[in-house]
Amino acid sequence: MTSFVSKFLSFLGTKPADAGAATTSSRESYQDVELVAHPLREGNQFRISGTIERRSGDSLMQRHFIRADVFSNEKDAVDFTFRKARQIVDQQGQTLFQDGAAEGRI
């Protein structure tokens with residue numbers, strides 16, 4: 001079935017979206033961090049996915065997160081990604097970057 005869909009879409013000049021591929025990125029500043037939303041496309045839905053970044057001098061620390069929530073359109077996924085990122089920052093505060101690691105998952 002997938003083969004048929006791929007062939008049909010290639011005939012039309014389009015490719016099916018890769019599952020899990022990030023679509024676009026949006027940024028927002030919040031408190032002393034930068035929030036980056038990059039929802040993951042899964043078929044016709046978008047999963048919450050983002051990064052919380054903090055600069056300390058020349059170094060950049062990032063914390064990546066993915067949640068189970070999925071939305072039918074990308075705009076809703078971006079909006080809820082920012083909402084979730086703000087909630088993480090509010091709940092974890094300074095402990096979010098306390099380990100000093102350049103990258104991590106939350």
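A helix is here a DSSP run of H or I with at least four residues, and helices are numbered from the N terminus. The exercises below concern a predicted model.

**Exercise 1. Locate D79 and K75, and describe how their side chains meet.**

Step 1. D79 and K75 both belong to helix α2, where four residues separate them in sequence, about one turn of the helix. Helix α2 covers residues 74-92.

Step 2. Side chains of opposite charge can pair when their charged atoms come close. The side chains of D79 and K75 form a salt bridge, with 2.9 Å from N to O.

Step 3. For the exposure of each partner, the cut-offs are needed: buried is under 20% relative accessible area and exposed is over 50%, with partly exposed in between. D79 is therefore partly exposed at 34% relative accessibility, whereas K75, with a relative accessible area of 57%, is exposed.

**Exercise 2. Trace how strand β4 pairs with β2, β3 and β5, giving the sense and the bridges.**

Step 1. Start with β2, which comprises residues 33-37. Its pairing with β4 is antiparallel and consists of four bridges, and E34 is found opposite E53 of β4.

Step 2. Strand β3, residues 40-42, runs antiparallel to β4 and is joined to β4 by three bridges, with L40 opposite R47 in β4. Two residues lie between the strands in the hairpin of β3 and β4, where G43 has a positive phi near 65 degrees.

Step 3. Strand β4 (residues 45-56) is joined to strand β5 (residues 59-71) by 10 bridges, again in the antiparallel sense. Along this pairing, G50 faces F65 in β5, and I52 has R63 of β5 as its bridge partner. These two strands also form a hairpin with two residues between them, and G57 in its turn has a positive phi of about 70 degrees.

Step 4. The accessibility of β4 completes the picture: nine of its 12 residues are buried, so that the strand is mostly covered.

**Exercise 3. Work out what R63 is joined to, and which parts of the chain its salt bridge ties together.**

Step 1. On the backbone side, β5 pairs with strand β6 (residues 103-105) in the parallel sense, over three bridges. Within this pairing, R63 has G104 in β6 as its bridge partner, while in the pairing of β4 with β5 the partner of R63 is I52.

Step 2. On the side-chain side, R63 forms a salt bridge with D99, in which the closest N and O atoms are 2.6 Å apart. Because D99 lies in the loop between α2 and β6 and R63 in strand β5, the pair ties together parts that are 36 residues apart in sequence.

Step 3. The exposure of the partners is then compared with the cut-offs: R63 is buried, at a relative accessible area of 2%, but D99 is exposed, at 58%.

Step 4. This pair is one of six salt bridges in the structure. Another joins the side chains of E42 and R47, at 2.8 Å from N to O; E42 is partly exposed at 30% relative accessibility, and R47 is buried with a relative accessible area of 19%.

**Exercise 4. Which elements supply the largest nonpolar core, and which residues have the most contacts inside it?**

Step 1. The largest nonpolar core contains 18 residues, and V33, L35, I52, F65, V89, L96 and F97 are those with the most contacts inside it.

Step 2. At least two residues of this core come from each of β2, β4, β5 and α2, and the largest share, six residues, is that of α2.

Step 3. L35 can be followed outward: with residues up to four places away in sequence not counted, it touches S26, R27, E28, Y30, T51, I52, F82, A85, R86 and V89.

**Exercise 5. Classify the aromatic pair of F71 and F80.**

Step 1. A pair of aromatic rings is described by the distance of the centres and the angle of the planes. Centres must lie within 6.5 Å for a pair, and planes under 30 degrees apart count as stacked.

Step 2. The structure has one aromatic pair under this rule. In this pair, the rings of F71 and F80 are 4.8 Å apart centre to centre with 25 degrees between the planes, and the pair is therefore stacked.

Step 3. F71 counts as buried at 16% relative accessibility, whereas F80, with a relative accessible area of 31%, is partly exposed.

How values were computed
Residues are numbered from 1 along each chain as its sequence is written. This is a predicted model: local features need pLDDT of at least 70, side-chain atom pairs count only at pLDDT 80 or more; totals for chains, interfaces and linings use all residues. Side-chain values use heavy atoms; hydrogens and water are left out. Rings of Phe, Tyr and Trp (its six-membered ring) pair if their centres lie within 6.5 Å; planes under 30 degrees apart count as stacked, over 60 as edge-to-face and the rest as tilted. Buried means under 20% relative accessible area, exposed over 50%, partly exposed in between (1.4 Å probe, protein chains only). Two strands pair if DSSP finds at least two bridges between them. A nonpolar core is a set of buried Ala, Val, Leu, Ile, Met, Phe, Trp, Tyr and Cys residues joined through side-chain atoms within 4.5 Å. Contact means heavy atoms within 4.5 Å. A salt bridge is a side-chain nitrogen of Lys or Arg within 4 Å of a carboxyl oxygen of Asp or Glu.
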